[in-house]
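I opened the notebook with a plain list of what to look up: strands, helices, rings, charges and domains. The entries below follow the order in which I went through them.

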Amino acid sequence: MSVSARASVASLDFVALAKEFPGVRALDDVSFSVRGGGVHALMGENGAGKSTLLKILSGAYRPSSGSVRLDGIERVFGSTAEAIAAGVAVIYQELHLVSEMTVAENLLIGRYPRRGLLLDRAALRAEAARLLALVGEDLSPDTRLGRLSLAQRQMVEIAKALGRGARVVAFDEPTSSLSAKETARLFAIIRDLKARGHAILYVTHRMDEVYEICDAATVLRDGRHVVTHDSLAAVTRDALVKSMVGRELTNVYNYRPRLQRPEGLEVSGLAGPGLRAPVSFSVKRGEVLGFFGLVGAGRSELMRLVCGAVEPSAGEVKIHGARLASGSPRAAIRAGLVFCPEDRKKEGIVAIRSVAENINLSARRSRLRAGLFLDFTWEKRNAREKIAGLRVRTASADTLIGTLSGGNQQKAILARWLSENVRVIVLDEPTRGIDIGAKSEIYALIHELAETGVAVVIVSSELPEVLGISDRVIVMREGLVAAEFARESATPEAVLRAALPSGSSVSAAAA
Amino acid sequence: MSSNASASAPASASPFSRLWDSAGMLLVFALLFVGCSIFVENFFSVANLRGLALSVSTIGMIACTMMFCLAAGDFDLSVGSVVAFAGVLGATVMNATGNVALGVAAALGSGALVGFVNGVLVARVGINALITTLASMQIVRGLGFIASDGRAVGIRTDSFFAFGNSALLGVPTPVWLTIGCFAIFGVLLNLTIFGRNALAIGGNKEAAHLAGVPVTRIKVVIFTLQGLVAAFAGLVLAARMTSGQPNTSQGLELEVISACVLGGVSLSGGVARIGAVVAGVLIMGLVQNAMNLLNIPPFYQYVARGLILLGAVMLDRFKRRA
């Protein structure tokens with residue numbers, strides 16, 4: 001099973017692939033080829049069909065029609081196990097590893113070496129070390145996986161795929177949680193896989209990465225194949241973006257100065273887990289305040305304290321001058337402070353309930369109820385209006401929200417908050433993992449909210465985004481507020497410098 | 001490998017699957033009913049059907065609140081003990097005071113209290129529901145034995161057990177009460193914000209909390225209702241048996257949970273339908289009744305019940321995957 005021993009070049013073809021769900025055609029007659037020894041970018045807005053295509057490749061879904069050809073042989077995978085056995089590996093954003101087990105156990109899970117009836121520990125360790133060496137990871141095979149960084153875990157996942165003889169490797173936005181240095185390492189490994197003749201499919205929203213690592217690109221839109229470029233040499237960014245959205249995007253951030261009114265949100269001396277010193281700041285009605293910092297700088301922790309998701313140990317929060325009871329999201333929402341959390345799946349949506357129920361989850365009782373019972377008419381109408389207003393792509397209001405794409409889930413969550421009488425909205429990474437089209441819609445919404453006098457706080461790890469939409473930027477570093485910039489003085493260099501730990505020279509956050 | 005929630009393909013929306021979704025278990029019940037009427041001697045008679053309905057009345061009442069418990073992602077093992085304890089306490093208080101209302105109040109109050117304590121321990125203190133209700137199941141069972149000294153407490157108030165054995169339009173009163181429970185909790189689940197919130201909590205507790213749903217309060221209310229309804233069922237049972245028996249209804253909690261699972265309630269929370277739960281309860285009772293009529297020895301009946309539960313769950317999984 002040695003990877004280097006396989007000199008042959010893999011090939012992967014999608015032939016007239018289609019997949020239908022109730023009311024939605026997620027993929028429609030998609031054909032393109034991925035050549036071994038190359039990295040092929042797969043691009044498109046959310047809901048374009050990228051995830052569906054990956055799931056068919058990995059054996060999680062069966063196509064409604066069409067097929068996948070591996071090395072010229074037609075394959076229909078009935079399960080993920082069959083796909084793995086055929087040499088396909090899909091590295092998802094969420095890794096499938098067991099944090100309580102060691103690195104070696106994770107690497108060889110499902111195919112442990114045995115001696116008689118017993119586990120052959122020596123062989124396990126030796127094989128694990130060999131696989132780790134393939135990805136250039138200098139780790140003890142006996143380390144518990146839970147102690148590794150996210151980047152290291154990703155390397156383990158890649159090594160695991162190689163150990164299973166993967167010839168086709170698909171990456172689903174692999175760099176979304178990696179620093180620049182870690183990204184560079186990942187790219188080195190991808191180049192190595194390429195040199196060995198593997199066929200690599202690379203799903204991303206980041207243009208820079210497409211030009212840095214990819215040789216070819218395919219763009220999907222609304223489940224259809226738009227274009228495949230066999231070489232990117234003559235293709236401009238604008239052309240790629242245009243083919244993704246089907247329209248030219250001029251200024252995505254669409255910033256306009258706004259009238260700023262009295263304080264909307266005042267936070268003073270707030271302290272709690274994740275903060276190294278009490279934090280104070282305020283936001284005017286009609287103002288957009290950006291929070292920038294590296295992953296782990298304490299931004300999300302601060303927002304959780306502000307919104308009552310975590311009880312602060314000291315300090316107070318005022319909305320329109322009135323003090324908020326601490327430690328209760330319910331009290332915060334009643335006072336008009338709403339929070340859109342970072343982790344959509346874990347904290348935002350109720351995946352197994354309908355889009356309508358998710359949108360109406362925070363609606364006021366007085367609205368949602370007629371007498372003692374639910375007002376079904378209002379509920380339906382409100383959901384439909386919000387779905388249309390925010391252009392949520394869903395078969396119907398009764399579709400389970402978990403079946404929508406990430407961007408559409410995010411829009412539905414935002415719709416939930418617009419059901420309320422919002423005074424302050426706190427958005428934690430609202431555009432993570434979302435395509436450009438949905439992003440610009442969310443930016444437009446933020447401006448619209450600010451213009452009606454809502455105080456907006458937005459946490460983001462994307463520097464251009466923070467600078468593009470904020471009136472003011474606060475930079476956090478290692479659990480402290482490091483600096484504050486007015487829009488005019490917030491240059492990328494100055495903001496990034498303030499965010500980096502002293503003595504560090506890597507730009508870990510610029511996306 | 002990729003067993004995250006979004007990986008499961010949504011079921012196709014053919015007319016059949018939609019019908020199955022909304023009324024699948026009721027259909028299974030109807031088929032079983034027709035089958036038994038034709039093939040099982042003495043099944044289709046007024047006396048037998050009345051007996052069948054009576055036999056599921058206790059499970060039926062408690063299944064209503066268990067459905068809420070499961071929908072919100074919890075469960076309650078203490079219900080069987082509460083049934084016994086409420087019967088014993090009610091009988092004791094009635095005998096001591098000669099006042100039916102006082103006995104009923106004491107029994108219902110104690111049941112609600114047990115549920116309230118369960119709820120606070122699970123939702124507020126954060127102890128696992130399995131551990132919490134396993135403990136209260138034993139404590140309350142013990143209290144029932146202590147209060148009665150281990151013996152059945154005969155009820156001396158005629159009006160009370162006359163009520164338990166009365167009938168309206170030929171249907172026994174306990175059955176009417178069960179139908180009432182199904183109606184009340186069906187409305188609560190489908191037509192109120194409370195029901196919506198319970199399902200949202202079971203679907204994703206953290207998201208519900210951040211969306212302003214009062215998670216702790218709703219869970220405490222659900223457990224309190226569970227205790228209250230179990231005590232009510234205990235009183236009705238005591239009225240039927242004309243005594244409060246400390247060792248009745250052992251293992252009832254598992255039968256109730258089985259009926260809910262048969263009715264498609266998800267053990268991980270977030271999914272529940274009252275119609276299907278009614279069907280689940282009826283199927284359990286019907287199978288039991290038919291096996292009795294067919295003179296199948298009780299030892300085999302255990303095996304059959306287990307197999308039916310497994311079969312129903314597998315059918316459901318199969319349907320979801322198709």
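Before looking at the strands I noted the rule I would rely on, namely that two strands pair if DSSP finds at least two bridges between them. I also noted that this is a predicted model, and I read every entry below with that in mind.

Entry on the sheet. With that rule in hand, I looked up strand S16 (residues 314-319) of chain A and found that it pairs with S17(A) in the antiparallel sense over two bridges, so the pair satisfies the requirement of at least two. Looking for the residue opposite Lys318(A), I found that its bridge partner in S17(A) is Arg323(A). I then followed the neighbours outward and wrote down an open sheet of four strands in chain A, in the order S14-S13-S16-S17 and with antiparallel pairing. Strand S14 (279-284) and strand S17 (322-323) of chain A stand at the edges, and each has a single partner strand, so one side of each is left without a neighbour in the sheet. Which helix packs on this sheet? I found helix H9 (residues 299-306) of chain A there, touching strand S13 (263-271), S14 and S16 of chain A, and its direction makes about 110° with that of S13(A).

Entry on a hairpin. I next looked up strand S11 (residues 216-221) of chain A, which runs antiparallel to strand S12 (residues 224-229) of chain A and is joined to that strand by five bridges. Leu220(A) stands opposite His225(A) in S12(A). The hairpin of S11(A) and S12(A) has two residues between the strands, and Asp222(A) takes a positive phi near 50° there.

Entry on the rings. I counted nine aromatic pairs over all chains. One of them joins Phe14(A) and Phe32(A), a tilted pair with 4.9 Å centre to centre and 40° between the planes. Phe14(A) lies in strand S1 (residues 11-21) of chain A and Phe32(A) in strand S2 (residues 24-35) of chain A, so this pair ties together parts that are 18 residues apart in sequence. I noted both Phe14(A) and Phe32(A) as buried. In chain B, I looked up Phe33(B) and Phe43(B), which form an edge-to-face pair at 5.5 Å centre to centre with 70° between the planes. This pair links distant parts of the chain, with Phe33(B) in helix H1 (residues 15-39) of chain B and Phe43(B), 10 residues apart from it, in the loop between H1 and helix H2 (46-55) of chain B. Phe33(B) counts as partly exposed because its relative accessibility is 24%, whereas Phe43(B), at 0%, counts as buried. Ring pairs also link Phe29(B), Phe33(B), Phe43(B) and Phe44(B) into a cluster.

Entry on charges and a lysine. I found Arg416(A) over the face of Trp417(A), at 5.7 Å from the ring centre, and Arg305(B) over the face of Tyr302(B), at 5.0 Å from the ring centre. Is Lys439(A), which I looked up next, buried or exposed? Lys439(A) lies in helix H16 (residues 436-451) of chain A, and its relative accessible area is 14%, so I recorded this lysine as buried. Leaving out residues up to four places away in sequence, I found Lys439(A) touching Thr431(A), Ile434(A) and Glu462(A).

Entry on the domains. Chain A is divided into domain 1 (11-245), domain 2 (272-336 + 427-511) and domain 3 (350-420). Taken over C-alpha atoms, the centres of domain 1 and domain 2 of chain A are separated by 33 Å.

Methods. Residues numbered from 1 in each chain as written. Chains lettered and ligands numbered in written order. Predicted model: local features only at pLDDT ≥ 70, side-chain atom pairs only at ≥ 80, totals over all residues. Heavy atoms only, no water. Domains from an automatic or database assignment. Phe/Tyr/Trp six-rings, centres within 6.5 Å; stacked < 30°, edge-to-face > 60°. Buried < 20%, exposed > 50% of the residue type's maximum accessible area, 1.4 Å probe, protein only. Lys NZ or Arg CZ within 6 Å of the ring centre and 35° of its normal. Contact = heavy atoms within 4.5 Å. Axes fitted to C-alpha atoms, helices over the stretch in contact; angles between N-to-C directions.
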